[in-house]
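Reader: Hello! Could we go through the helix packing and the enclosed space of this model together?

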Amino acid sequence: PALYLVYPCKEEIFKAGVIMFMEDALAEIEAGLSERETVREKLEFAFDIWLIRPYEVINQLPDAKDLLDNVHGAAGEEMLEGKARFEQLLTNILEPPTSRAPAGAMTAAQVAHLMAFSVISFKENAKDVDELRSLIAGLITMTEAIPPCFLPGRERHIAEWIMPETRVYDANQVVESYTEYRLTEGKAKGPQCADCLWNPRCEGP
């Protein structure tokens, strides 16, 4: 009863809980980033606190789906604000490496936006926390120009399979279509590739 002296209804309780979680999580991430050296370590740390930890807690509750529906309904605006602040943290983490990228490459803010929206789908579709961790690891660690036969069990990390059409500014030329360049000039397959199960999808090294 005393709780309702502070919060007039259940929705306000949910809203207060969401705000408290987001403030605590964002503060913990900001405080802990300086203790991690690499971009990968910082991203793993941020996603662990912001996504994996609450995923583990919520999925242990018997009425998890109903709880999430209530939270989204009661604190929708607050959650959007929290997501925007988390995305800004990702942008800050990604600024150093992306600042060295050539003109025309994705900015830190664009990569952060892509990551932030990708993990929402991961959270909704992962069957358990192990799969969620694996999906996030794949988002953070991507490879280019390494064929799937060299990455058994790690094929989801191949960047070409999710790489958008883009223009590339090279040292002495501009590649208008990086997809076309990769498929027609940049890569080639050997005769043994014809028998590979990945051949229809693989671009070659």
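Author: Happy to. This is a predicted model, where local features need pLDDT of at least 70, side-chain atom pairs count only at pLDDT 80 or more, and totals for chains, interfaces and linings use all residues. Residues are numbered from 1 along each chain as its sequence is written, and side-chain values use heavy atoms, leaving out hydrogens and water.

Reader: How many residues of each class, nonpolar, polar and charged, line the largest cavity?

Author: A cavity is a set of points on a 1 Å grid over the protein atoms alone where a 1.4 Å probe fits but cannot get out, and its lining residues have an atom within 4 Å of a point. The count comes to 1 cavity of 30 Å³ or more, and the largest holds about 60 Å³, taken as the space filled by probe spheres set on the points. Among its lining residues are I146, P147, W161, K187 and G204. With Ala, Val, Leu, Ile, Met, Phe, Trp, Tyr, Cys and Pro as nonpolar, Asp, Glu, Lys and Arg as charged, and the others, Gly among them, as polar, the lining divides into 7 nonpolar, 1 polar and 3 charged.

Reader: Are α6 and α7 roughly parallel or antiparallel?

Author: Helices are DSSP runs (H or I, at least four residues) numbered from the N terminus, and axes are lines fitted to C-alpha atoms over the stretch in contact, with angles from 0 to 180 degrees between N-to-C directions. Helix α6 (residues 108-125) packs on helix α7 (residues 129-140) at about 160°, with the axes 9 Å apart. Angles over 145 degrees count as roughly antiparallel, so α6 is to α7 roughly antiparallel.

Reader: Which residues of α7 make the contact with α3?

Author: Helix α3 (residues 39-58) and α7 pack at about 155°, their axes 11 Å apart, and that makes them roughly antiparallel. Contact means heavy atoms within 4.5 Å. On the α3 side the residues include R40, F47 and Y55. From α7 come V129, L132, R133, I136 and I140.

Reader: How many nonpolar, polar and charged residues are in the contact of α3 with α6?

Author: The axes of α3 and α6 lie 12 Å apart at an angle of about 35°. Here L43, F47, L51 and Y55 of α3 meet M115, V119 and K123 of α6. By class, that contact has 6 nonpolar, no polar and 1 charged.

Conventions
1 Å grid on protein atoms, 1.4 Å probe; cavity = no way out; pocket = protein on both sides within 12 Å on 5 of 7 lines; lining within 4 Å. Helix = DSSP H or I, 4+ residues; strand = E, 2+ residues; numbered from the N terminus. Parallel < 35°, antiparallel > 145°, perpendicular 65-115°, else oblique.
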